[in-house]
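Let's take a friendly tour of one protein structure. Have a look at the picture first, and then we will walk through a few of its parts.

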Amino acid sequence: MASELDYSFHAMGSDVRLLIGDPLLASLPTAHEAADLQHEFVLNFSDRLSRFRQASDLSALNADRHRRVVASRLLRAAVSAGLWAARRSGGLVDPTLVHALVRNGYDRSLAWAEPASLEEALAHAPPRRPARPDPWARWRRIVVDEGSGTITRPPGVMIDTGGTGKGLCADAVALRLGAYARFVVDCGGDIAVGGIGTQLQPYEVAIEHPLTLSPVGTIQVAAGGVATSGLNVRIWRRPDGTYAHHLLDPSTGSPVWSGVIGATALGDSALEAETLSKMAVLLGPEGARRVLAEHGGVIVHDSGEVEAVGPVAAQIGCSVKHGCAG
Amino acid sequence: MAVTDARPATAATMATNRTMVASRRATASHAGAGPRRRASPAADRLTVALFSLTAFLIVLTLLVRQLPTVSHRDARPVRVLRKIYRTTVIETVWSAVGRGTAVTQSVSSSSSGPAVLPTTRAS
């Protein structure tokens, strides 16, 4: 009888969960052994790419005053993923907003901090408007050179891989689990699904509502990625009494209040899904519908109303025209 | 001139009076016959039996009419395709990977998917 290992631990400021089926070859490590190996990989990934750890590869890059810096393969991959997301989103998912994040109060890990009330934040938020790319587009001046193993960027430009790190990590672990019958890699809600077994029996993935924290529905995922971005987790109250969160408008460097408080996206990979879900939150309802139309997704409006878009609409019983109450 | 009804009874009038008296007697004789005349016990039992049977048939007809309605509207046929037995052992251990991280792991012996669905959420 087929079996499946369910393995959970904490990393990257989130809960990480691995579901691993049987190996396709007897010579492969067992699911337990594979999970231990992936656990080690994720912890290493997290430690080396955290901007809150002084000893991390990323902190070393940001602290280096040289224009061109020798970087590890993992750091090059993470920065490349950030640049890919920036290109994919037309500059909306910008990896160069470290100064703005710190200015808004996100200068330490919020992994164990109690988030502020999203309802109260919405009540005091400024008028809704979609985010826009930074006209200076500093991310375009970052170059990753695999030949020389270096990263080049203008002095003073700091890089944050946090916006795309979990999606990249989920994809990397999924690649390493390719020889298992079926698997799910869940890095803080950014999920990669794969294995030949899922073609016959896809995984059901639940979508969490950002206000009620209860499932708004489930979608079937056979392969690829699904990710959710929202304002409900990394949100805090500033000393002046105003509220801030981690999704910034690149054109202003301030938290975005677009009319969308959460979005779930499907994609070919977890990295793509994460990028699309962030775009949906940043762009507001109209832009979100455009962004999510191809692969499908779910929008949660300020009111808490849930709207399913594209192929997902048929699965969870909502549609673009007929949003279902969360 | 005063007119008195002192006419002598004619033969016809007397005959009429006799007929009426006879008729009253006959009526009295019919009214008094009810309590005295009882139906036979066999006839009573037959009446009760017929009445009960009729009532039973009426109730039965009503029930029979209800049956198809219930089966179409409410009762859905339950078909058991297979029974799935799941054995799940959950344990929290200190990771062999080290660094003092706690790991929760469980193994499900069925192919019906995980007990708790993977959930996409903001983080």
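This model is predicted. We begin with helix H1 of chain A, whose buried residues pack against strands E1 (4-11) and E2 (14-20) and helices H2 (57-63), H3 (73-88) and H6 (162-176) of chain A, together with strand E2 (102-108) of chain B. Among the buried residues of H1(A) are Ala31(A), His39(A), Phe41(A), Phe45(A) and Leu49(A). How far apart are the end C-alpha atoms of this helix? They are 26 Å apart, which agrees with the 27 Å that its 19 residues (31-49) should span at 1.5 Å a residue.

Now for the aromatic rings. A search of the whole structure finds four aromatic pairs over all chains. Two of them are shown here:

| Pair | Distance between centres | Angle between planes |
|---|---|---|
| Phe52(A) and Tyr106(A) | 5.7 Å | 40 degrees |
| Tyr106(A) and Trp236(A) | 5.5 Å | 50 degrees |

Planes under 30 degrees apart count as stacked and over 60 as edge-to-face, so the pair of Phe52(A) and Tyr106(A) is tilted, and the pair of Tyr106(A) and Trp236(A) is tilted as well. Tyr106(A) lies in the loop between H4 and H5 of chain A and Trp236(A) in strand E11 (residues 235-237), so their pair ties together parts that are 130 residues apart in sequence. Ring pairs link Phe52(A), Tyr106(A) and Trp236(A) into a cluster.

Is Tyr106(A) buried or exposed? Tyr106(A) is buried, with a relative accessible area of 9%, whereas Phe52(A) is partly exposed at 32%. The ring of Tyr106(A) also has the charged end of Arg51(A) sitting over it, 4.9 Å from its centre.

How values were computed
Residues are numbered from 1 along each chain as its sequence is written. Chains are lettered from A and ligands numbered from 1 in the order in which they are written. This is a predicted model: local features need pLDDT of at least 70, side-chain atom pairs count only at pLDDT 80 or more; totals for chains, interfaces and linings use all residues. Side-chain values use heavy atoms; hydrogens and water are left out. Helices (H or I, at least four residues) and strands (E, at least two) are DSSP runs, numbered from the N terminus. The expected span of a helix is 1.5 Å times one less than its number of residues. Buried means under 20% relative accessible area, exposed over 50%, partly exposed in between (1.4 Å probe, protein chains only). Contact means heavy atoms within 4.5 Å. Rings of Phe, Tyr and Trp (its six-membered ring) pair if their centres lie within 6.5 Å; planes under 30 degrees apart count as stacked, over 60 as edge-to-face and the rest as tilted. A charge sits over a ring if NZ of Lys or CZ of Arg is within 6 Å of the ring centre and within 35 degrees of the ring normal.
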